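Me: Hi! I would like to learn how to read a protein model, one feature at a time. Could you walk me through this one?

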Amino acid sequence: VAQGKRVAVLFSGGPASGGHNVVCGIKRVLGKGNTLFGVKPGPKGLLQGNLFEITDADVDSIINTGGFDFLGTDRTKIKTDEQFQQVKDTCVKHNLDAIVIIGGDDSNTNAAVLAEFLFKGIKADGSGVQVIGVPKTIDGDLQIGDLLPISFGFDTATKIYSEMVGNILQDTKSSLKYWHFVKLMGRSASHVTIEVALQTKAAVTLISEEIAAQRQSLAAIVDQIAQVVVARARKGITHGVVLVPEGLIEFIPEMNALIAELNDTLAHNAAEFAEEPADTRADYIQQKLSGDNARLFASLPSYVVQMLLADRDSHGNLQVSLIPTEKLLVDMVHARVKEIDVKIPFSAHCHFLGYEGRCGAPTLFDAAYTYNLGLTAGSLILDGRTGY
């Protein structure tokens, strides 16, 4: 068994239940003959060389706990030549043999590039620094068939969301007068929404991928929900729950086309857009959009436009969690219900379940799964592997 290995571990991106157990598994398999360092916070801490030694006492205090608070996390993307050099400097300064990056799809893409960069010529003997990625995301969209059917944190998050949606469903049967539109975290994928739907049996569940495949328009989606509201009301049921995936708006064909042109327009006019007064930014962008997109942009309420123009994240993604899709649907469904039958009552509440599910104490499944991920990552390091 390898001895004297110096390994650094860090969290990257949003938290997911079970992250601490990955660290515990790595520490356990490395044993007393090797040293594990924690990096805080996230990739930014790696650039800054902010490392500390993780002890057995640390492991005892964090095992089976939720959150990423032990190491902290951030969303810095290591992409410039200067940043890659900073990582190399950290490896040399701390005489590191390996780095473990616990993160999602963007973070693991970054880890793969880093593995190539650190492959050789880093240490005094000309050898490199190993890089191992551990797949993490509650979104459930980091899959490789039977090898990786689920990422850690998904099981915990969906159980937490399902309990909350179940509570709301029970309330609707008690108060008898509200429709609840619940947007669920999951970024682009609808896996979280599907799992919560399977566990709770909500009246309406929207699936982004189906909407894209069927090329449903926003109006068609609204009509679909409105028809369910009317049909239930005519049976004396004036309440219900609608589940909405976080990334829905990007999958509606005309919205997807608008967002794509917006991204391009904002990127090519960044300096001018930044100088534009806040109250005229929407008009400035609208004038630069093509016909159909300009008309759609003009038809959207200000609270949606404001979020469509908000800053992208560090990986260039539209921050879909900030777009109040559920409120947009409520306003449009209300109008459509009144068009169908003005006598049908419709009162609604909006919810966004996201942060509630990311840091809960891990379920038994996630606790065991993540501990084994840590054992595996540590074993790959002891076996001299990199880029896994």
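Reply: Happy to! Helices and strands are runs assigned by DSSP and numbered from the N terminus, with at least four residues for a helix and at least two for a strand. Pro-41, for instance, sits in the loop between strand S2 (35-39) and H2. Keep in mind that this is a predicted model.

Me: How many helices and strands are there in the protein chain?

Reply: The chain has 17 helices and 10 strands. Its C-alpha atoms fill a box of roughly 80 × 50 × 35 Å along the principal axes.

Me: What share of the residues is buried?

Reply: A residue is called buried when its relative accessible area is under 20%, and exposed when that value is over 50%. Here, buried residues make up 51% of the 388 residues. The chain exposes about 17300 Å², and carbon and sulfur atoms supply 52% of that area.

Me: What do the contacts say about the chain?

Reply: You can look at how far apart two touching residues are in the sequence. Among contacts with a separation of 6 or more, 78% join residues that are 24 or more positions apart.

Me: Could we look at one residue up close? Is His-20 buried or exposed?

Reply: His-20 is buried, because its relative accessibility is 1%. You will find His-20 in helix H1, which covers residues 19-30. Leaving out residues up to four places away in sequence, His-20 touches Phe-11, Ile-62, Thr-65, Gly-66, Gly-67, Phe-68, Asp-69 and Phe-70.

Me: And a residue in a loop, such as Gly-357: is it buried or exposed?

Reply: Gly-357 counts as buried, since its relative accessibility is 0%. Its loop runs between strand S10 (348-353) and H17. Beyond neighbours within four places in sequence, Gly-357 is in contact with Ser-17, Ala-157, Ile-160 and Tyr-161. You can also try a distance reading: Gly-357 and Ile-207 are 150 residues apart in sequence and 20 Å apart in space, C-alpha to C-alpha.

Me: Now the cysteines. How many disulfides does the count come to?

Reply: The rule asks for a pair of cysteine sulfur atoms within 2.5 Å. By that rule the count comes to zero disulfides.

Me: Why does Cys-24 have no bond to Cys-359?

Reply: Because the sulfur of Cys-359, the closest cysteine sulfur to that of Cys-24, is 16 Å away, too far for a bond. Cys-24 is buried, with a relative accessibility of 2%. Cys-91 is buried too, with a relative accessible area of 2%.

Me: How do I read backbone angles?

Reply: Start with the general rule: most residues other than glycine have a negative phi, and most peptide bonds are trans. Then look for the exceptions. The bond joining Lys-40 and Pro-41 is cis, with omega about -10°.

Me: Which phi values are positive here, in residues other than glycine?

Reply: Asn-95 is one of them, with phi near 50°. Asn-95 belongs to the loop between helix H4 (81-93) and strand S5 (98-103), and is partly exposed at 43% relative accessible area. Another is Lys-201, where phi is near 60°. Lys-201 is in the loop between helix H7 (191-200) and strand S8 (204-205), and is exposed at 62%.

Me: How do you find empty space in a model?

Reply: Rolling a probe the size of a water molecule over the atoms shows where empty space is left. In a cavity the probe fits but cannot get out, while a pocket is open.

Me: How many cavities of 30 Å³ or more does the count come to?

Reply: The count comes to one. The largest cavity has a volume of about 80 Å³. It is lined by 12 residues, and the closest to its centre are Ser-12, Pro-43, Thr-76, Ser-107 and Asn-110. Strand S1 (6-12), helix H2 (42-48) and H5 each give two or more residues to this lining, and H5 has the largest share, with four. By type, the lining of the largest cavity divides into six nonpolar, five polar and one charged.

Me: And how much space lies in the second largest pocket?

Reply: About 340 Å³. The second largest pocket has 15 lining residues, and Gly-133, Val-134, Pro-135, Leu-148 and Tyr-388 are the closest to its centre. The elements giving two or more residues to that lining are helix H5 (105-117), strand S6 (130-135) and helix H17 (364-382). This lining is made of 11 nonpolar residues, three polar and one charged.

Methods: Residues numbered from 1 in each chain as written. Predicted model: local features only at pLDDT ≥ 70, side-chain atom pairs only at ≥ 80, totals over all residues. Heavy atoms only, no water. 1 Å grid on protein atoms, 1.4 Å probe; cavity = no way out; pocket = protein on both sides within 12 Å on 5 of 7 lines; lining within 4 Å. Points joined across faces, edges and corners; volume = space filled by probe spheres on them. Nonpolar A, V, L, I, M, F, W, Y, C, P; charged D, E, K, R; others polar. Buried < 20%, exposed > 50% of the residue type's maximum accessible area, 1.4 Å probe, protein only. Contact = heavy atoms within 4.5 Å. Areas by Shrake-Rupley, 256 points an atom, 1.4 Å probe, with all protein chains shown as cover.
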